[in-house]
Structures are given as structure tokens and as C-alpha cells.
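Please open the model in your viewer and keep the sequence panel beside it, since this tour moves from one selection to the next. At each stop, select what is named and compare the text with what is on screen.

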Amino acid sequence: MIPKWVTIHIERPRAKRLANYLIELTEPGHTILDCGCGTMYVANLIHQASGARIIGSDILNFNESELEMCVCPGENLPFADSSVDVVLLIFVLHHSQEPESILRESIRVARKRVIIFEDVYENRFELGFLKIFDWLGNRTVSASIPLPFTFKPEAEWKRIFHDLGTKLISANPVRPLFFLPTRHRGFVVDVE
Ligand SMILES: C[S@@+](CC[C@H](N)C(=O)[O-])C[C@H]1O[C@@H](n2cnc3c(N)ncnc32)[C@H](O)[C@@H]1O
């Protein structure tokens with residue numbers, strides 16, 4: 001159970017900010033898989049704004065919405081090839097020891113695009129900050145979320161997207177919470 005103060009002061013405002021970016025990047029008719037969906041506050045806001053059909057998946061069940069979700073690892077998604085229009089990977093890749101496996105699976109399942117929001121860093125100092133904020137942010141939600149800290153610099157993500165055969169459409173700054181001093185990017189890659 002997520003503490004109420006975390007829901008009110010962190011999770012809800014964060015979801016609103018993230019959904020605002022994502023509503024611009026998705027279309028009402030899209031079917032969307034939100035891999036690593038967490039509470040599904042973000043998914044629910046997109047659904048309410050656009051009517052898009054959204055399914056969640058996560059290794060843990062924090063779903064606080066009426067939307068459907070499955071408990072499964074992003075590294076092995078139980079969905080057919082090209083079965084959804086868009087896969088969302090919103091601050092999930094750095095929770096996996098094998099982020100590239102989650103990306104590969106997402107590219108397989110997506111018909112059009114994969115949207116990735118990630119914490120990125122440029123030097124060891126920024127990486128240290130990311131680890132501290134990731135630990136604080138996730139441990140206030142649950143002790144069970146894996147924290148392998150598999151963060152990467154922006155250039156490294158771009159190389160991986162290219163090597164996996166996707167086309168990078170955009171890479172823009174994202175601010176999940178106004179007071180966070182850490183660096184975040186929203187990547188849009190097309191798989192068509
Ligand atoms: C920082 S939370 C982000 C939740 C949601 N995407 C959001 O932005 O509100 C990371 C989520 O990824 C999930 N997660 C961690 N490892 C995963 C994996 N290997 N496959 C799928 N989900 C995973 C965690 O359980 C957690 O809910």
C-alpha cells in the first residue's frame with residue numbers, strides 16, 4: 001500500500017505531468033501497452049483524455065485503476081507480434097538487469113512506436129544523484145521494486161535504439177516533478 005502523502009504529493013502530480021507529454025505523442029484510436037505500468041495513474045489519465053485502449057503490464061501489481069493489466073516481466077511479454085500500436089516504457093528500463101531485452105520485446109509487440117522515458121546522466125556525479133533519487137522515489141512506494149540502477153547516458157540509449165533497428169523520431173527533456181534536479185529524456189522510436 002502506497003502511503004497517502006506519497007500518492008497526493010508525488011504520484012498524482014507526477015502522473016499528470018507525464019500524461020501531458022504522452023497525450024501529445026499518442027492518438028485516440030491507438031491501442032497501448034504500458035509496460036512497467038505501476039499504479040496506472042499515467043495510463044488512466046491518457047485513457048480519460050483520449051479514449052485510447054490501454055493495457056498494463058508489470059512484475060508487481062500496484063494497479064489503482066479500472067484498466068486491465070497482466071503481471072508479467074517486460075523481458076518476456078505474453079503478447080503477439082505487432083499486437084498493439086504503441087508500447088510505453090515509462091521509467092522502467094533502469095529497473096531491469098536486462099533493459100535491452102525489455103526494449104526488444106516492446107519493439108516486437110509494437111506495430112508503430114515505442115515511447116521510452118528514462119533517467120539519463122552525463123557524468124559520475126549525475127549518476128550518483130540518480131541512484132539516490134531512484135532509491136528514495138521507489139522505496140517510498142515499495143520495498144519490492146528491483147533497483148539495479150542500470151541507467152545509461154543519452155548517447156548510449158540512442159546507440160541501442162539504432163542497433164535494434166528502430167528509427168529515432170525525437171529525444172526531448174522531460175520533467176516528472178518540478179523539483180527533481182536529475183536529467184530525464186523522452187525518446188520516441190518508430191518500429192515500422
Ligand atoms: C518507477 S516505476 C514506474 C511506473 C510507471 N511507469 C510510472 O511512471 O508511473 C517502475 C515500475 O517498473 C516495474 N518493473 C520493474 N522491473 C520490471 C520488469 N522487469 N518488467 C516489467 N516491469 C518492471 C516496477 O514494478 C514498477 O512498477
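Select Thr-7, which lies in helix 1 of this predicted model. Is Thr-7 buried or exposed? Thr-7 counts as partly exposed, because 16 C-beta neighbours fall inside 10 Å, and 20 or more would be needed for a residue to be called buried. Leaving aside residues up to four places away in sequence, Thr-7 touches Ile-2 and Arg-12. If you then add Val-42 to the selection, you will have two residues that are 35 apart along the chain, with their C-alpha atoms separated by 13 Å.

Next, follow the chain out of helix 1 to His-30, which lies in the loop between that helix and strand 1. His-30 is partly exposed, because 19 other C-beta atoms lie within 10 Å. Its contacts, again not counting residues up to four places away in sequence, are Ala-52, Asp-85 and Val-86. Measure also from His-30 to Gly-51, where a separation of 21 residues along the chain corresponds to 8.7 Å between the C-alpha atoms. While Gly-51 is selected, check its backbone: this residue, just after helix 2, takes a positive phi of about 80 degrees.

Step back from Gly-51 into helix 2 itself, which spans residues 41–50 and contains Ala-43. Ala-43 counts as buried, because it has 27 C-beta neighbours inside 10 Å. Beyond residues up to four places away in sequence, Ala-43 touches Asp-34, Cys-37, Ile-54, Gly-56, Ser-65 and Leu-67. From Ala-43 to Thr-31 the C-alpha distance is 11 Å, for 12 residues of sequence. Now widen the selection to the buried residues of helix 2, namely Tyr-41, Val-42, Ala-43, Asn-44, Leu-45 and Ile-46. Which elements do these buried residues pack against? They pack against helix 1, strand 1, strand 2 (53–58) and strand 4.

Hide the helices for a moment and display the strands. There are 7 of them, forming an open sheet in the order 3-2-1-4-5-7-6, with mixed pairing. The edge strands, each of which pairs on one side only, are strand 3 (69–71) and strand 6. Ignoring direction, neighbouring strands of this sheet are turned by 15 degrees against each other on average.

Walk across the sheet beginning at strand 3, which runs parallel to strand 2 and is joined to it by 3 bridges; to find the register, select Asp-58 and its bridge partner in strand 3, Val-71. Strand 1 and strand 4 also run parallel, joined by 4 bridges, and here the partner of Asp-34 in strand 4 is Leu-88. Pause on strand 4, which is mostly covered, with 6 of its 7 residues buried. Strand 4 pairs with strand 5 in the parallel sense over 6 bridges, and Ile-90 stands opposite Phe-117 in strand 5.

Beyond strand 5 (residues 110–120) the sense changes to antiparallel in the pairing with strand 7 (residues 183–190), which extends over 8 bridges. Strand 6 (residues 167–173) likewise pairs with strand 7 in the antiparallel sense, over 6 bridges. Select Asp-190 in strand 7 to see both pairings at one residue: Arg-113 stands opposite Asp-190, and Asp-190 is also the bridge partner of Lys-167.

Bring the helices back and turn to the largest nonpolar core, which has 43 residues; those with the most contacts inside it are Cys-35, Val-42, Ile-46, Val-87, Leu-88, Leu-89 and Ile-90. Helix 1 (4–25), strand 1 (31–35), helix 2, strand 4 (84–90), helix 3 (99–109), strand 5, helix 5 (154–163) and strand 7 each supply at least two residues of this core. Take Val-87 as a centre for a local view: not counting residues up to four places away in sequence, it touches Leu-33, Cys-35, Ser-106, Val-109, Ala-110 and Val-114.

For the final stop, select the ligand and the residues around it. The surroundings comprise 21 residues, of which the closest are Gly-36, Gly-38, Gly-74, Ile-90 and His-95. By character, the shell divides into 13 nonpolar, 6 polar and 2 charged residues. Ile-90 deserves a second look here, being among the closest residues to the ligand and among those with the most contacts inside the largest nonpolar core.

Definitions and conventions:
Residues are numbered from 1 along each chain as its sequence is written. This is a predicted model: local features need pLDDT of at least 70, side-chain atom pairs count only at pLDDT 80 or more; totals for chains, interfaces and linings use all residues. A residue is near a molecule or strand if its C-beta atom, placed from the backbone, lies within 6 Å of it. Ala, Val, Leu, Ile, Met, Phe, Trp, Tyr, Cys and Pro count as nonpolar, Asp, Glu, Lys and Arg as charged, and the others, Gly among them, as polar. Two strands pair if DSSP finds at least two bridges between them. A residue is buried if 20 or more other C-beta atoms lie within 10 Å of its own, exposed if 12 or fewer, and partly exposed in between; C-beta atoms are placed from the backbone. Two residues are in contact if their C-beta atoms, placed from the backbone, lie within 7 Å. A nonpolar core is a set of buried Ala, Val, Leu, Ile, Met, Phe, Trp, Tyr and Cys residues joined through C-beta atoms within 7 Å. Axes are lines fitted to C-alpha atoms, for helices over the stretch in contact, and angles run from 0 to 180 degrees between N-to-C directions.
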